[in-house]
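Student: Please pick one part of this structure and take me through it closely. After that, show me how the same kind of reading works in other places.

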Amino acid sequence: MRSWLLLPILCLALGSVPASAELIRQLIDEKGDGAGHPLQGARAIALDAKGNVYVAGQLSQNVFRIRPNGKIELLIGADGDGRGHVLTGPRGIAVDSKGNVYVTGDKSWNVFRIAPDGKKTQVVDLTGDGLGNGLRGPIGLAIDPQDNLFIAGGNSNNVLKRAPDGTLTKVIGLEGAGAGQELRRPNGLAVDAHGNAYVAGAKTRNVFKIEPSGKVTQIADAKGAGGGQPLTFPNSLDVDRQGNVYVTGNNSGNVLRISPTGEITQIMGQKGIEKDITLGGPTGVAVDPAGNVYVTRGGPYSLYRITPAGAITRILDQAGDNAGHPLRSARYVKVDAQGHVYVTGMGSNNLFRIAPAGPGAKAPTSAK
């Protein structure tokens with residue numbers, strides 16, 4: 001990744017491009033699979049190595065898979081595994097190297113695995129590891145290169161790790177890093193190529209790094225980048241190839257970058273965005289292989305791209321694809337290895353894929 005040009009946020013080059021300048025497709029809408037299974041409250045997104053896209057309907061209590069050819073399949077519904085373990089309020093999705101899909105039930109306090117053959121199994125429930133570390137209100141999921149699954153318990157104030165053999169361990173709890181650095185309401189969750197996990201405490205306004213050895217370090221707190229650039233209610237995380245961690249401050253209306261050496265820089269703030277319209281409520285963040293950072297903004301229903309040089313461009317707004325498919329309440333954002341960007345509209349019950357225009361850009365093959 002090219003080095004960042006650290007400019008004050010008010011001096012960033014800002015552009016706003018119409019949807020026609022980007023190749024945009026709606027991949028799924030409120031009709032879901034079109035076979036009686038709707039999509040409501042589109043929220044979490046996951047991608048796999050085969051080009052499949054997964055989206056969770058938080059309000060419709062289900063998860064869909066969208067294949068590269070555009071075929072939409074219901075993976076799991078409110079009945080969960082069909083054996084008495086229900087799925088309510090799915091909030092997180094992750095896919096391992098073998099094609100197993102994991103989904104959290106925020107309200108049912110559990111985690112399911114959907115195997116490649118379609119078999120559904122509840123792999124974690126409210127008892128957690130069975131050693132007193134329960135799981136309540138699971139929100140985020142992340143999988144490291146060794147297929148360890150990290151689960152953020154939003155109401156149990158912890159993160160559990162499930163090894164490939166099914167062993168569950170607590171890697172961080174309410175105590176956080178100790179010395180008064182607590183973890184409350186873990187929300188955003190990410191892992192890097194070295195197996196380090198990162199978790200944001202929404203209520204404690206901080207970010208922790210959890211190393212494979214078990215060492216826990218607080219790498220950001222409520223002061224944020226300092227100088228009037230605080231971190232309040234962090235709710236989304238991602239990490240790039242160089243180990244830089246990106247975190248959104250939902251209530252502080254900003255995006256911070258935390259370098260591997262601990263330097264914290266605000267790369268997007270409240271002011272200077274679209275003629276001083278405040279950023280307000282950033283809800284998701286993702287970084288692509290080239291170092292571009294993507295940020296969803298729930299209020300004005302927008303998706304922004306921040307280049308490594310610091311230029312900010314709005315690449316999607318409430319008009320959606322300008323073909324009658326709007327974007328409302330933008331939530332999660334993900335980027336695949338080819339640079340395609342995926343964003344959910346929780347209020348519009350849909351998911352878009354955006355391929356940057358230009359030489360060599362490939363338009364998505366499916367549209368709804």
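Tutor: A residue is called buried when its relative accessible area is under 20%, and exposed when that value is over 50%; in between, the residue is partly exposed. What we are reading is a predicted model.

Begin with one residue, Ile-151. Ile-151 lies in strand S12, which covers residues 149-153. Its relative accessibility is 0%, and therefore Ile-151 counts as buried. Which residues does Ile-151 touch, once the neighbours within four places in sequence are left aside? The contacts are Thr-104, Val-111, Val-124, Leu-135, Pro-138, Gly-140, Leu-141, Asn-158, Val-159, Leu-160 and Leu-189. Take Leu-135 from that list: it is 16 residues away from Ile-151 along the chain, and the C-alpha atoms of the two are separated by 8.7 Å.

Just before S12 comes a loop, which runs between strand S11 (138-143) and S12 and contains Asp-147. With a relative accessibility of 11%, Asp-147 also counts as buried. Its phi is positive, near 70 degrees, and Asp-147 is not a glycine. That deserves a remark because most residues other than glycine have a negative phi. Asn-349 is a further case: it has a positive phi of about 55 degrees and is not a glycine either. Asn-349 sits in the loop between S28 and strand S29 (350-356).

Two of the residues in contact with Ile-151 lead on to sheets. Thr-104 is one of its contacts, and strand S8 spans residues 101-105. S8 belongs to an open sheet of four antiparallel strands in the order S7-S8-S9-S10. At the edges are strand S7 (90-95) and strand S10 (120-124), each of which pairs on one side only. From one strand to the next, the twist averages 25 degrees. Four bridges hold the antiparallel pair of S7 and S8, and within it Ile-93 stands opposite Val-103. As background, strands of a sheet pair through backbone hydrogen bonds.

Leu-189 is another contact of Ile-151, and strand S15 spans 186-191. S15 is part of an open sheet whose four strands follow the order S15-S16-S17-S18, again with antiparallel pairing. Here the edge strands are S15 and strand S18 (216-220), and each has a partner on one side only. Neighbouring strands of this sheet are turned against each other by 25 degrees on average, direction ignored.

Look now at the middle of that sheet. Strand S16 (residues 197-201) and strand S17 (residues 206-210) run antiparallel and are joined by five bridges. Ala-197 has Ile-210 as its bridge partner, while Gly-201 stands opposite Asn-206. Four residues lie between these strands in their hairpin, where Arg-205 takes a positive phi near 55 degrees. S17 also pairs with S18, in the antiparallel sense and over four bridges; in this pairing Val-207 is opposite Ala-220. The hairpin of S17 and S18 has five residues between the strands, and Gly-214 in the turn shows a positive phi of about 100 degrees. Why is S17 described as largely enclosed by the rest of the structure? Four of the five residues of S17 are buried, so the description follows.

A similar hairpin appears later in the chain. Strand S27 (residues 330-335) pairs with strand S28 (residues 341-345) in the antiparallel sense, over four bridges, and Val-333 stands opposite Val-343. Five residues separate S27 and S28 in the hairpin, among which Gly-339 has a positive phi near 90 degrees.

S27 also brings us to a pocket, the second largest, since Arg-331 and Tyr-332 are part of its lining. The other lining residues are Arg-43, Arg-91, Arg-185, Asn-187, Phe-233, Asn-235, Asn-250 and Thr-283. By type, the lining divides into two nonpolar, four polar and four charged residues. The volume of the second largest pocket is about 160 Å³.

Finally, step back to the whole protein. It has 29 strands and zero helices. Of its 368 residues, 56% are buried, and Ile-151 counts among the buried ones. Taking contacts between residues at least 6 apart in sequence, 47% join residues at least 24 apart.

Terms used: Residues numbered from 1 in each chain as written. Predicted model: local features only at pLDDT ≥ 70, side-chain atom pairs only at ≥ 80, totals over all residues. Heavy atoms only, no water. Pairing = 2+ DSSP bridges. Helix = DSSP H or I, 4+ residues; strand = E, 2+ residues; numbered from the N terminus. Axes fitted to C-alpha atoms, helices over the stretch in contact; angles between N-to-C directions. Buried < 20%, exposed > 50% of the residue type's maximum accessible area, 1.4 Å probe, protein only. Contact = heavy atoms within 4.5 Å. 1 Å grid on protein atoms, 1.4 Å probe; cavity = no way out; pocket = protein on both sides within 12 Å on 5 of 7 lines; lining within 4 Å. Points joined across faces, edges and corners; volume = space filled by probe spheres on them. Nonpolar A, V, L, I, M, F, W, Y, C, P; charged D, E, K, R; others polar.
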